[in-house]
Amino acid sequence: MKTKKDVVQMMETSVPDTREVVKGMGKTLVHGIGVGDLVWDNFDLFPAYDEAIAKIGIPFFQALGNHDQDYRQGGDDTSDRTFQAHYGPTYYSFNRGKAHYVVLDDVRYLGVERTYDGYITPTQLEWLAKDLQLVPKDALLIVCLHIPVHNSVKNNEDFYAVLKDFKNVHIMSGHTHFNKNVIKNGIYEHNHGTVCGGWWTGPICGDGTPRGYGVYEVNGTDLKWYYKSTGEDRKKQLSAYVDTLTNQKRLIANVWNYDPEWKVEYFLDGKAMGALAQQDGFDPLSVKLYKGDKLPNPRPFVEPISTDHLFMAHFGPEVGKVKVVATDRFGEKFEVEVDA
């Protein structure tokens, strides 16, 4: 959030949506975790953010993002003063149920305004190693931080080395404003789409993922999850588009929380056609809303982002109906049907 208008949008969209999800969980113990960039360099909005979170009505833990840092006050060691004054330490751990949670600061301020990189300090890694000495190797371990580890943290090998004996690790990251799941070194990283979508200028992120958040269900040491699109039913897990080419039609499906355990199939006029081919590309709605130097308004820097969770097929012009069925790693099916 950068402006009061952004705050209003969050209050009118995300907060009631999250409240409904929490309410639907009944007596289940629930908490939230914000993985950074709570505000957009505007620290005067921290109280408004806190008010929005308070309305959700659950305990909330916070991680530091690059837009939550103090600039012009020195180096990395002084860049988190305001954040700490509001929320406490930038790295810490806690247990809830049988899960062990770790929150880290992987944003290193380089001393020049808005210049940073992804890096986990040796001090944090030493602390993490000591912290994990007290955690069983088969525990559910959930690590929350801002910048994605798998490709954007410079010393990620050192980080993975600390975790090497743990078999059930999930990383929760943000920063990118798109949704991507990556399994690396046996660790599942969930890089989340944003509550603000295209920086509060449209209903989707640059990769076509609707604005929203991840919902995680811990049962002992088991973890299940889905992506919750703001204002949409939880069964909405994909979108599909058909466009007409010269002598054929093309289907593009976007399955935003896809990972290699998912299955994505399609049907033409009710006939099963098998698996859809995965392909990198741009989500059609994202191109329509964000492509170009005048769109979107008032933040035209938002652009479509190429993603690998697109699926494509070509077929003849005679087809009238197309259905896509996506089955997640937990066996739950989601479908969408469109006119061709």
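**View 1. The Lys55–Glu51 salt bridge of helix α3 in the predicted model.** Lys55 is partly exposed, because its relative accessibility is 40% and the band between buried and exposed runs from 20% to 50%. Its partner Glu51 is likewise partly exposed, with a relative accessible area of 43%. The two side chains meet in a salt bridge, with an N to O distance of 3.8 Å. Lys55 and Glu51 lie four residues apart in helix α3, so about one helical turn separates them.

**View 2. The Lys23–Glu20 salt bridge of helix α2.** The closest N and O atoms of Lys23 and Glu20 are 4.0 Å apart. The two residues are three positions apart in helix α2 (residues 14-24), and therefore about one helical turn separates them. Both Lys23 and Glu20 are exposed. The structure as a whole holds 18 salt bridges.

**View 3. The salt bridge between Asp308 and Lys180.** The closest N and O atoms of this pair are 3.0 Å apart. The pair links distant parts of the chain, with Asp308 in strand β18 and Lys180 in strand β9, 128 residues apart. Asp308 has a relative accessible area of 28% and is partly exposed; Lys180, at 24% relative accessibility, also counts as partly exposed. Elsewhere, salt bridges with shared partners join Asp41, Arg72, Glu113 and Arg114 into one network.

**View 4. The six-stranded open sheet and helix α5.** The strands follow the order β3-β4-β7-β8-β10-β9, and their pairing is mixed. Strands β3 (92-96) and β9 (180-184) stand at the edges with a single partner strand each, so one side of each has no neighbour in the sheet. Neighbouring strands are turned by 20° against each other on average, direction ignored. Strands β3 and β4 pair in the antiparallel sense over five bridges, and Tyr92 stands opposite Val103 in β4. Helix α5 (residues 122-132) lies across β3, β4 and β7 (140-144) and runs at about 170° to β4.

**View 5. The surroundings of Asp106.** Asp106 is located in the loop between β4 (99-103) and β5 (107-109). The residue is buried yet has no salt bridge, and Arg108, the nearest side chain of opposite charge, is 11 Å away. The side chain of Asp106 instead reaches two backbone nitrogens, that of His146 at 3.3 Å and that of Ile147 at 3.1 Å. Beyond four places in sequence, the residues touched by Asp106 include Asp117, Gly118, Tyr119, Ile120, Leu145 and Val153.

**View 6. Strand β14 between its partners β13 and β18.** Five of the six residues of β14 (residues 249-254) are buried, so the strand is largely enclosed by the rest of the structure. Strand β13 (residues 239-244) pairs with β14 in the antiparallel sense over six bridges, and a hairpin of four residues joins β13 to β14. Within this pairing, Ser239 has Asn254 as its bridge partner. Strand β18 (residues 307-315) runs antiparallel to β14 and is joined to it by six bridges; here Lys249 has Phe315 as its bridge partner.

**View 7. Asp44 and its position relative to Thr3.** Asp44 lies in the loop between β1 (32-34) and α3 (46-56). With 69% relative accessibility, Asp44 counts as exposed. Asp44 and Thr3 are 41 residues apart in sequence, and their C-alpha atoms are 9.6 Å apart in space.

Technical notes. Residues are numbered from 1 along each chain as its sequence is written. This is a predicted model: local features need pLDDT of at least 70, side-chain atom pairs count only at pLDDT 80 or more; totals for chains, interfaces and linings use all residues. Side-chain values use heavy atoms; hydrogens and water are left out. Buried means under 20% relative accessible area, exposed over 50%, partly exposed in between (1.4 Å probe, protein chains only). Two strands pair if DSSP finds at least two bridges between them. Lys and Arg count as positive and Asp and Glu as negative; His and the chain ends are not counted. A polar contact is a pair of N or O atoms within 3.5 Å; within protein, one must be able to donate a hydrogen and the other to accept it, and residues adjacent in sequence count only if both atoms are side-chain atoms. Contact means heavy atoms within 4.5 Å. Axes are lines fitted to C-alpha atoms, for helices over the stretch in contact, and angles run from 0 to 180 degrees between N-to-C directions.
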